[in-house]
Amino acid sequence: MYISSVTLNNFRNYEYAKIELSPFTNVIYGDNAQGKTNILEAIYIFSHGKSHHSKSDRELIRFKESFAKLSIEFHDSERSYNAFMQLNRGGKKSIKINHVQITKLSMLMSYLNVVMFSPEDLDLVKGSPGARRRFIDAAISQLYPGYLASLIDYHKALNQKNSLLKALKASGKKSDITLSVWNEQLAAEGAKIMSFRNDFVDLLNSFASAIQSEISGEALNVAYVPSIKCGDISEESLYEYLENNQRREIEFASALLGIQRDDLSIFINGNEARAYGSQGQQRTAALSMKIAQADYIHHVRGEYPVLLLDDIMSELDINRRMYLSKKIRDKQVLITCTDTDLIESTPETKLFHVRNGTIE
């Protein structure tokens with residue numbers, strides 16, 4: 001899979017820009033705050049439906065403009081695609097793939113597979129459980145639209161349940177039959193989500209542990225830690241578990257159990273990486289997990305995703321840089337940096353100099 005061109009109009013600090021990409025290494029370099037990352041962000045949006053930085057589409061639109069337009073041309077082993085997106089300051093975004101309107105986010109995410117590497121990846125190891133859940137959800141949703149649909153339905157039901165729990169707490173009631181209705185829906189979607197997560201993490205661990213061993217000789221183990229411990233992942237078991245904890249959840253006026261509280265455990269040489277790993281070990285584990293995500297996509301889809309490396313080469317020591325360079329050599333990668341001396345160049349490498357929203 002590779003992207004052949006990216007066009008930006010009124011996106012971030014770009015009034016207009018178009019770049020033709022190499023199917024191999026593309027180096028986007030320049031001083032800080034010139035717009036390098038914005039190019040990667042535009043590509044990421046086509047893969048995930050939203051920015052990895054901003055919560056609002058309005059932040060992506062150039063100052064004083066009412067809209068932004070993005071388009072990319074990309075290719076997989078079967079066909080070519082043209083993707084178009086318009087972000088509107090006053091309304092919803094419009095998305096088309098090969099001129100066909102995309103009405104659901106789950107319909108978009110299965111087309112273009114992307115893995116983003118950034119300095120924030122260290123949060124996978126030392127950050128909050130939410131960072132690890134977002135990593136899991138983004139990785140699975142790219143390949144399985146049904147997973148994202150279940151995730152959306154789950155959180156809609158969860159919001160309704162939390163509202164009811166707060167109302168029950170305020171009224172002093174100890175139960176409500178509607179609570180069982182929401183538990184039933186949460187159990188149905190939660191069982192699907194947990195099954196996907198369990199299978200994904202098992203495969204991720206097999207890839208990541210091998211990568212960690214190659215980089216540093218260390219033993220890495222990544223495991224899925226569901227918040228619901230019910231023996232088996234089934235709708236019936238989850239429903240029973242939620243029902244048995246109704247009184248405690250009413251007391252706290254919040255849903256205490258469910259996939260919204262799942263986590264990953266990450267151990268290096270038998271020790272918990274978050275508490276006992278050095279920063280070098282943590283960074284290697286995070287890098288191993290992101291490379292493993294790309295290997296997972298290749299395993300499922302039969303081709304590698306586009307790799308986006310946002311200013312991470314300067315964060316890695318020479319051994320990790322050399323390993324990563326070897327892994328990405330025959331894949332399409334877009335690298336942002338301030339210093340091209342850290343990038344291994346090949347005859348297929350294309351360089352793009354960014355200065356104040358213009359590309360040279």
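# Sheet strands, hairpins and positive phi angles

Student: How are the strands of the open sheet ordered?
Tutor: The order is β8-β12-β13-β3-β14-β15, an open sheet of 6 strands with mixed pairing. Its edge strands are β8 (114-117) and β15 (358-359), each of which pairs on one side only. Strands here are DSSP runs of E of at least two residues, helices are runs of H or I of at least four, and both are numbered from the N terminus. Two strands pair if DSSP finds at least two bridges between them.

Student: What kind of model is this?
Tutor: The model is predicted: local features need pLDDT of at least 70 and side-chain atom pairs count only at pLDDT 80 or more, while totals for chains, interfaces and linings use all residues. Residues are numbered from 1 along each chain as its sequence is written, and side-chain values use heavy atoms, with hydrogens and water left out.

Student: Back to the sheet. How many bridges join β14 to β15?
Tutor: Strand β14 (residues 350-355) is joined to β15 by 2 bridges, and the two run antiparallel. Within this pairing, V354 has I359 of β15 as its bridge partner.

Student: What lies in the loop between β14 and β15?
Tutor: N356 is placed in that loop. The phi of N356 is positive, about 50°, although N356 is not a glycine. Most residues other than glycine have a negative phi.

Student: Is N356 buried or exposed?
Tutor: N356 counts as exposed because its relative accessibility is 59%. The cut-offs are under 20% relative accessible area for buried and over 50% for exposed, with partly exposed in between (1.4 Å probe, protein chains only).

Student: And N269, where does that one lie?
Tutor: N269 is in the loop between β10 and β11 (271-272). N269 also has a positive phi of about 50° without being a glycine. With a relative accessible area of 43%, N269 is partly exposed.

Student: Which way does β10 run relative to β9?
Tutor: Strand β9 (residues 220-225) and strand β10 (residues 263-268) run antiparallel and are joined by 6 bridges. In this pair, A223 stands opposite S265 of β10.

Student: Which side chains of β9 are buried?
Tutor: L220, V222 and Y224 point to one face of β9 and are buried, whereas N221, A223 and V225 point to the other face and are not buried. In a regular strand, such alternation between the two faces of the sheet is what one finds.

Student: Which residues form the covered face of β6?
Tutor: In strand β6 (residues 94-97), I95 and I97 form the covered face, and S94 and K96 form the uncovered one.

Student: What stands opposite K96?
Tutor: On the β5 side, F84 stands opposite K96. Strand β5 (residues 80-88) runs antiparallel to β6, with 4 bridges joining them, and a hairpin connects β5 to β6 through 5 residues. K96 also stands opposite Q101 in β7.

Student: How many residues lie between β6 and β7?
Tutor: The hairpin formed by β6 and β7 has 2 residues between the strands, and N98 in the turn has a positive phi of about 50°. β6 and strand β7 (residues 100-101) pair in the antiparallel sense over 2 bridges.

Student: New topic: where is E236 found?
Tutor: E236 is in helix α7 (residues 235-244), and E236 is exposed, with a relative accessible area of 58%. E236 and A188 are 48 residues apart in sequence, yet 8.3 Å apart in space, C-alpha to C-alpha.

Student: And the place of E184?
Tutor: E184 is in helix α6 (residues 177-216). E184 counts as partly exposed because its relative accessibility is 48%.
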